[in-house]
Amino acid sequence: MSTQADLDAAQPSVTIHACLDYSALKLVYRANSSPVPNSAIKDPKVSTIATVWRYQTGQWLVNKAESGTDPC
């Protein structure tokens, strides 16, 4: 969800609040694809806040990312 947008600034930016879901992530060894022991993720859903900037090329790139406080 976008919570703040400043598109008319010299450096246009948008702040995004998101919930990242890592519940399907499974760590495996590269060599043989076997599961990594004790690698289960304790909190698979993580709140995050990202600020993206629009550059002159038209690309939107992440400038800042931090942990959020909202529950997922």
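The paragraphs below walk through this predicted model, from its overall outline to a few single residues.

Read from the N terminus on, the elements of the protein follow the order β-β-β-β, and its secondary structure amounts to 4 strands and 0 helices. The C-alpha trace extends over about 50 × 30 × 15 Å along its principal axes. A helpful comparison is with a compact globule of 72 residues, whose radius of gyration would be near 11 Å, whereas the protein has 17 Å. Of the 72 residues, 15% are buried, and the protein exposes about 5,900 Å², of which carbon and sulfur atoms supply 54%.

Two further values describe how parts of the chain are placed relative to one another. Among the contacts with a separation of 6 or more, 41% are between residues that stand 24 or more positions apart. The protein also carries 6 positive and 6 negative charges, and the mean positions of these two groups lie 13 Å apart.

It is useful now to look at one residue inside a strand, namely Thr48, which belongs to strand S3, covering residues 45-54. Is Thr48 buried or exposed? Thr48 counts as buried because its relative accessible area is 15%, and the cut-off for that word is under 20%. Which residues are in contact with Thr48, once its neighbours within four places in sequence are left aside? They are Ile16, His17, Ala18 and Leu20, together with Glu66, Ser67 and Gly68. With one of these residues, Glu66, there is a more specific link, in that the side chain of Thr48 reaches the backbone oxygen of Glu66 at 3.0 Å.

The loop between strand S2 (13-21) and S3 offers a contrasting view, and Ser33 has its place there. Ser33 has a phi near 60°, which is a positive value in a residue other than glycine, and Ser33 counts as exposed because its relative accessibility is 52%, where exposed requires over 50%. Asn38 is found in the loop between S2 and S3 as well, and although Asn38 is not a glycine, its phi is positive, at about 55°. With a relative accessible area of 84%, Asn38 is likewise exposed.

Finally, the segment after strand S4 (60-67) contains Pro71, a residue that is exposed, with a relative accessible area of 78%. How many residues apart in sequence are Pro71 and Met1? The two are 70 residues apart along the chain, while in space they are 14 Å apart, taken from C-alpha to C-alpha.

Conventions: Residues numbered from 1 in each chain as written. Predicted model: local features only at pLDDT ≥ 70, side-chain atom pairs only at ≥ 80, totals over all residues. Heavy atoms only, no water. Helix = DSSP H or I, 4+ residues; strand = E, 2+ residues; numbered from the N terminus. Buried < 20%, exposed > 50% of the residue type's maximum accessible area, 1.4 Å probe, protein only. Polar contact = N/O pair within 3.5 Å; in protein donor to acceptor, adjacent residues only side chain to side chain. Contact = heavy atoms within 4.5 Å. Rg over C-alpha atoms; globule rule 2.2 N^0.38 Å. Areas by Shrake-Rupley, 256 points an atom, 1.4 Å probe, with all protein chains shown as cover. Lys, Arg positive; Asp, Glu negative; His and termini not counted. Charge placed at Lys NZ, Arg CZ, Asp CG, Glu CD.
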